[in-house]
Structure formats: C-alpha cells, structure tokens
Amino acid sequence: MRDVIDTDRMPGHCMECGVKYSVLIGVPMHPCPNCGACSEYFLRAEDDVKIEVNWHELRILAMWAERWAADQTEKDRLVMQRVVSFICGRINAQYPDWIGLTFSSEIAELRQEFGDVEVKGFNEDKEANNSE
Ligand SMILES: [Zn+2]
C-alpha cells in the first residue's frame, strides 16, 4: 500500500502542550484541539530540526532567555516567561533525569526538597513552579 499524503493538511505540534496535530492549509485560525492554545502556538513539523548540543550549553541559553523575559514589563513578562517555560518543559521531558534547564525549574526542585524557598532579585515564573 502506498503512503497517503494529505496535501491539504500541514502536520505540526502545539508549543504549549506538545500535542501533535495537523491543520488545514490556508485556514488562518486553528487553535490546539487539546489545550485550545491560539494558532500562533502551532509549530510546523517541517521546521523541526535535530541538533547536537551539550546540556549545559542549552541550560545557559535557557537561563539567559528566562532572565531576559523576567526583566521585561509585567504584561510582556508573563507571556515571554510562559513561552520559555513551554519550550524548556518539552525539552526537559525528553531528558527527565537531567537537571532542569531553567532557574525556575531549579527553584521548583529546591521547594520539593526543602519546602518554601524565597527568591529575591528575580521575577520568578511562579506558574512554571506551580506555586501560585
Ligand atoms: Zn496545545
């Protein structure tokens, strides 16, 4: 049997929840069928890449992105932190035994081990830490 390629649909996944789905080509609005995230969060499969990187190099990039997002204005900050959290969360899920990519994930691990931890000098992503 030959492969059936549906040329009317574009495969991809949701940046927010990671669920794979496809959208009709030419349809501008296509919220995620799993979490309802808006269509800006749909990532085309044809843009997926495989890269070779050291985990600690990736942590540096993630923490710098997280830090930059945390320094933005309140409205922008929450959206940017959420996006960094989604991306890093999906990468972390591929390597669950490795240390978290973000400072927020390290704070969450500290809270699991030692209880509440107060953080000063950093606009913590409390949503990512499940502490709100
Ligand atoms: Zn989703």
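Here a trainee and a mentor talk through how the labels on this predicted model are earned.

Trainee: What should I know before reading any numbers off this predicted model?

Mentor: Residues are numbered from 1 along each chain as its sequence is written. Since the model is predicted, local features need pLDDT of at least 70, side-chain atom pairs count only at pLDDT 80 or more, and totals for chains, interfaces and linings use all residues.

Trainee: What is the mean pLDDT of the chain?

Mentor: The mean is 86, and 89% of the residues reach 70 or more; pLDDT is the predictor's confidence in each residue, from 0 to 100. Among the elements, helix 1 has the highest mean pLDDT (95) and helix 3 the lowest (87).

Trainee: How many helices and strands are there in the chain?

Mentor: Three helices and three strands, running β-β-β-α-α-α from the N terminus on. Helices (H or I, at least four residues) and strands (E, at least two) are DSSP runs, numbered from the N terminus.

Trainee: How do you know which strands pair with strand 1?

Mentor: Two strands pair if DSSP finds at least two bridges between them. Five bridges join strand 1 to strand 2, and three join strand 1 (residues 9-14) to strand 3, so both pairs make the cut. Gly12, for instance, has Tyr21 as its bridge partner in strand 2, while His13 stands opposite Leu43 in strand 3. The result is an open, antiparallel sheet in the order 2-1-3.

Trainee: Why do strand 2 and strand 3 stand at the edges?

Mentor: Strand 2 (20-24) and strand 3 (42-44) each have a single partner strand, so one side of each is left without a neighbour in the sheet.

Trainee: What links strand 1 and strand 2?

Mentor: They form a hairpin with five residues between them, and Gly18 in the turn has a positive phi of about 85 degrees.

Trainee: Why is Leu58 called partly exposed?

Mentor: Leu58 has 17 other C-beta atoms within 10 Å. A residue is buried if 20 or more other C-beta atoms lie within 10 Å of its own, exposed if 12 or fewer, and partly exposed in between, with C-beta atoms placed from the backbone. So 17 puts Leu58 in the partly exposed class. For the chain, 18% of the 132 residues count as buried.

Trainee: What does Leu58 touch?

Mentor: Leaving out residues up to four places away in sequence, Leu58 touches Val53 and Leu101. Contact here requires C-beta atoms, placed from the backbone, to lie within 7 Å. The C-alpha atoms of Leu58 and Leu101 are separated by 7.1 Å, with their positions 43 residues apart along the chain.

Trainee: How do you know that the length of helix 2 agrees with what it should span?

Mentor: The expected span is 1.5 Å times one less than the number of residues. For the 21 residues of helix 2 (residues 74-94) that should be 30 Å, and the end C-alpha atoms are 31 Å apart, which agrees.

Trainee: What puts the buried residues of helix 1 on the same side?

Mentor: Ala62, Glu66 and Ala69 are buried. They cover an arc of only 60 degrees around the axis, which puts them on the same side of helix 1; the arc is that of the directions from the helix axis to the C-beta atoms. An α-helix has 3.6 residues a turn, so residues three or four places apart point the same way. What covers these buried residues includes helix 2 and helix 3. On the other side of helix 1, the exposed residues include Trp64 and Trp68.

Notes:
Contact = placed C-beta atoms within 7 Å.
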